[in-house]
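Hi,

Here is the structure I promised to pass on. Have a look at it first, and my notes on the ligand site follow below.

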Amino acid sequence: MAVQLQGSLFDVADDAGLGRPLSEARRTPLAHGAWIDVLPGWLSGSDILFEALLASVPWRAERRHMYDNVVDVPRLLAHYTEADDLPHPVLAAARDALSAHYGEELGEPFRTLGLCLYRDGRDSVAWHGDRIGRGARENTMVAILSLGQPRPLLLRPRDGGAPHVRRPLGHGDLLVMGGTCQRTWDHSVPKTAQPVGPRISIQFRPRGVL
Ligand SMILES: O=C(O)CCC(=O)C(=O)O
């Protein structure tokens with residue numbers, strides 16, 4: 001694959017591991033019962049994990065219908081169910097740490113992993129909520145671990161009533177969307193004309209949240 005991290009993004013640890021405790025995550029309440037938690041630098045050794053995922057994940061390109069056309073989805077994707085072996089042991093440790101910290105509030109563990117590879121600034125994800133599954137009806141959580149080039153995650157309320165939120169997500173940062181966030185807010189990662197390098201987003205979700 002022609003994608004590569006442009007040297008270290010200042011994380012020179014010699015193995016990937018969980019750094020700061022999740023209790024240090026800062027919560028921001030949003031309108032309508034939604035919230036986000038942010039923990040910069042949750043992961044250490046992010047360079048190593050980035051390179052390992054780039055090389056070992058079976059990244060696939062998808063196409064989707066848009067009006068009368070079929071177009072490329074502008075990012076590469078991979079998905080791991082709870083029955084799958086994960087592509088790196090630190091991802092199982094991250095999932096288990098999230099479940100231990102948020103399990104009581106969430107009422108269940110995190111189980112699945114979605115991975116997205118944004119190869120450059122032309123890759124993006126449009127406004128959406130994770131509402132294909134239970135997120136359409138129930139409060140839930142989606143935790144995002146971001147690796148590689150910092151890109152902003154934008155959030156906006158579906159009713160248009162509250163100001164938009166913009167969170168730059170850097171190398172090893174964690175952002176958790178919770179409460180009603182998937183039902184009452186949308187999120188996106190916009191394209192950029194800046195010459196940006198690749199980013200990998202790892203999303204941890206409970207069973208049935210898509
Ligand atoms: O790139 C991200 O961190 C967001 C990914 C996302 O929203 C999705 O795949 O549903």
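Which strands each supply at least two residues of the shell around the ligand? They are β7 (112-118), β13 (185-189) and β14 (199-205), with strands taken as DSSP runs of E, at least two residues long, numbered from the N terminus. β14 gives the most, with 4 residues.

Before you go further: this is a predicted model, where local features need pLDDT of at least 70, side-chain atom pairs count only at pLDDT 80 or more, and totals for chains, interfaces and linings use all residues. Residues are numbered from 1 along each chain as its sequence is written, and side-chain values use heavy atoms, leaving out hydrogens and water.

The residues around the ligand (a heavy atom within 4 Å of it) include Arg75, Cys116, Asp130 and Arg205. Three others put a polar side-chain atom by a ligand oxygen: Tyr118 at 2.5 Å, Arg199 at 2.8 Å and His187 at 2.9 Å. Taken alone the ligand exposes 290 Å², and the protein buries 95% of that (Shrake-Rupley, 1.4 Å probe).

Now the space itself. The ligand takes up the largest pocket (an open set of points on a 1 Å grid over the protein atoms alone, where a 1.4 Å probe fits, with protein on both sides within 12 Å along at least five of seven lines; lining residues have an atom within 4 Å of a point). That pocket is lined by 36 residues, with Arg75, Leu77, Val125, His128 and Arg205 nearest its centre. β6 (69-80) is among the contributing elements, and β6 gives the largest share of the lining, 6 residues.

Cheers

Notes:
Polar contact = N/O pair within 3.5 Å; in protein donor to acceptor, adjacent residues only side chain to side chain. Sits in = over half its atoms within 2 Å of the grid points.
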